[in-house]
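I opened this notebook to record what I looked up in a two-part session, first on helix packing and then on one loop residue. My entries are kept short.

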Amino acid sequence: MDEKLSIGGHFFTSRLFTGTGKFAASEWIPRMLGASGSEMITVALRRIDQGGTTENILDFIPEGVVLLPNTSGARTAEEAVRIARIAKAAGCGNFIKIEVITDMKYLMPDNYETLKATEILAREDFIVLPYVLPDLPLAKRLEDAGAAAVMPLGSPIGSNRGLLTRDLIAMLIENCRVPVVVDAGIGRPSQAAEAMEMGADAVLVNTAIATAEDPAMMGRAFGLAVEAGRLGYLARLAGQSKTARASSPLTGFLD
Amino acid sequence: MLREEGQVSFHHSIEPYKNFDFQDFFAQVTQERVAAALAAEKLSEKDFLVLLSPLAAESLEQMARKASELTVQYFGRTIQLYIPLYISNFCANECIYCGFHRGNDIRRKKLSLAEIEAEARTIAATGMRHLLLLTGEAPAVTPIEYLEEAVRLLKKYFASVSIEIFPMDETDYRRLKEAGVDGLTLYQEVYDERRYGLVHLAGRKTDYRYRLDAPERGARAGFRMVNIGPLIGLGEVRSEVFFSGLHAGYLADNFLQTEVSLSLPRMNPAEGNYQAEFHADDRTFVQFLTALRCFLPRAGLTVSTRESAAFRDNLIRLGATRFSAGSCTGVGGYGDREDSGSPQFAITDERSVAEVVQAIRQSGYQPVYKDWDMI
């Protein structure tokens, strides 16, 4: 019914990506993944304690789920690049979410530094997913630089305010060749469905799932919402193409 | 609170409050005003002050609920852990409330680098990865070169090293940043300038402005984290917490790259036997914590082992985001308590790291040992 989502040569059935941050306990992560069906999950390298004596968050991510390390904590392109290389060397695979945040007040991504980091890492055989404030010219530059997808924010991280930037996201969906993954600010399953109905290729949800009383249940809700939104989008598309076949479907009878 | 043209100090922002009649303001607060402040998505300074008023304590449960939700939203259900290491209690200041003050006849000690390393090994074995390095104020005893070496050494054992030492020039802060420090903790102690003069009698600490401007210098020097706060008990408690909140807001507004957090240390008995003139009971403390969270949703809120175990555990769900654990406030003392220098203040929560971790988990929260890498 729906083709799989292809990013960096990987195929994803689920269009819900999730995150490992903010959980009350790491044990929730595998439960949430099972319930939601999510096949890709972000991990902040700064949280990974290599060689530490305390629990390793990577141990809680089941086989088969793609790891998406993020460069959380990076203030510059240079730092993001270093983190990415460390993550790859540590065996986290070659997916990387570029998250360069220089604003601690709202946690807005620094689009400029993110572009610089993308340009470097895309040339080093990383599958780069840059997290940005939606900006069409920038998105085209990211594409040209080799980004495997573009991740525009819906609203600031943790704010749960939904698709405040919907009109800007719509521009990206309409004009980008690479997949558009709406990331940040999605606070409710209905908002995830909305993003999918708009034509987003996927969504990334962390705070709303991790901070729920029952992250597994919330994960399932989001999984279903993403499916519903995607189906709604495809159904509308199918309807549109039917109408378009006849050149004058309504008034053709007058000719 | 963005700086005005030409403004270089937070002092400019609190100067207008010098003759502000807080008691009169509090007397004018109404229930409706409190409700409006609580409902606001973005609180003004006056909203914050309203939430600090005695009347607002009647809405404490609502404040707590809002604070709890905001904290979960922006921080998740997590508590970050850190541990303090005092490497010297030599001090040339006369702060009448502090265990280290130069007039106190206590066991003075300064750790050698070898001793620091031994302490680091002991501490690292507990799993702690964020260390707070402390000294008294005696630059002749602990010159910057010594501090740099100590930091470089500690970076081998800890993912993050912060400092809580005497205020420094921006140049020296930069040096420490280069050495590997990523966080600065500095408490103003008391924001009321007159009260400040009454409790700091001699030494470099008598310079109120130099201390007030230090967190700003630290932010400019590039420390990733800056942690500030009052020492509750030295001045009128509500206005002191108000100024602390303003200070944090000022730093967050003017230094976007800096993560700002606050502590609310409450005076407790120390070697100096100082009797605090002002007090905040537990209920008032919770009001302060939750009001700060409402005013500054993204600011970290740190609670140390000055507070008791039972009380701290209740703060986990009320907005706290950072806890110290397994602390020793004597110099050295993790390895060999007998050999340590006298402590700065009495610790009330004496639980081990493992015990604190368990308590956090039991509250349904996740203890975070490591949240940083200096790469």
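The entries below go through conventions, the chain contact, helix pairs and a loop residue.

**Conventions.** I am working with a predicted model, in which local features need pLDDT of at least 70 and side-chain atom pairs count only at pLDDT 80 or more, while totals for chains, interfaces and linings use all residues. Residues are numbered from 1 along each chain as its sequence is written, and chains are lettered from A and ligands numbered from 1 in the order in which they are written.

**Contact of chains A and B.** I took two residues to be in contact if their C-beta atoms, placed from the backbone, lie within 7 Å, and found 27 residues of chain A in contact with 24 residues of chain B. Helices (H or I, at least four residues) and strands (E, at least two) are DSSP runs, numbered from the N terminus. On the side of chain A that touches chain B, α2 (77-89) and α7 (207-210) of chain A each supply at least two residues, and α2(A) gives the most, with four residues. I sorted that side by class, with Ala, Val, Leu, Ile, Met, Phe, Trp, Tyr, Cys and Pro as nonpolar, Asp, Glu, Lys and Arg as charged, and the others, Gly among them, as polar; the result was eight nonpolar, 10 polar and nine charged residues.

**Helices α3 and α4 of chain A.** For angles I used axes that are lines fitted to C-alpha atoms, for helices over the stretch in contact, with angles running from 0 to 180 degrees between N-to-C directions. Helix α3 (residues 111-122) and helix α4 (residues 136-145) of chain A pack at about 15°, their axes 9 Å apart. α3(A) and α4(A) are therefore roughly parallel to each other, since angles under 35 degrees count as roughly parallel, over 145 as roughly antiparallel, 65 to 115 as roughly perpendicular and the rest as oblique. By class, their contact has five nonpolar, two polar and two charged residues.

**Helix α5 of chain B.** I checked the length of α5(B): at 1.5 Å a residue, with the expected span being 1.5 Å times one less than the number of residues, its 16 residues should span 22 Å, and the end C-alpha atoms are 21 Å apart, which agrees. Helix α5 (residues 60-75) and helix α13 (residues 282-295) of chain B pack at an angle of about 45°, with axes 9 Å apart, and that makes α5(B) oblique to α13(B). The contact of α5(B) with α13(B) has eight nonpolar, three polar and three charged residues. Among the buried residues of α5(B) are Met63(B), Lys66(B) and Phe75(B), where buried requires 20 or more other C-beta atoms within 10 Å of a residue's own, exposed 12 or fewer, and partly exposed lies in between, with C-beta atoms placed from the backbone. These buried residues pack against α3 (31-39), α4 (45-51), β1 (78-88) and α13 of chain B. Just after α5(B), Gly76(B) takes a positive phi of about 70°.

**Phe166 of chain B.** Is Phe166(B) buried or exposed? Phe166(B) is buried, with 21 other C-beta atoms within 10 Å, and is found in the loop between β4 (160-164) and α8 of chain B. Not counting residues up to four places away in sequence, Phe166(B) touches Glu137(B), Pro139(B) and Arg204(B).
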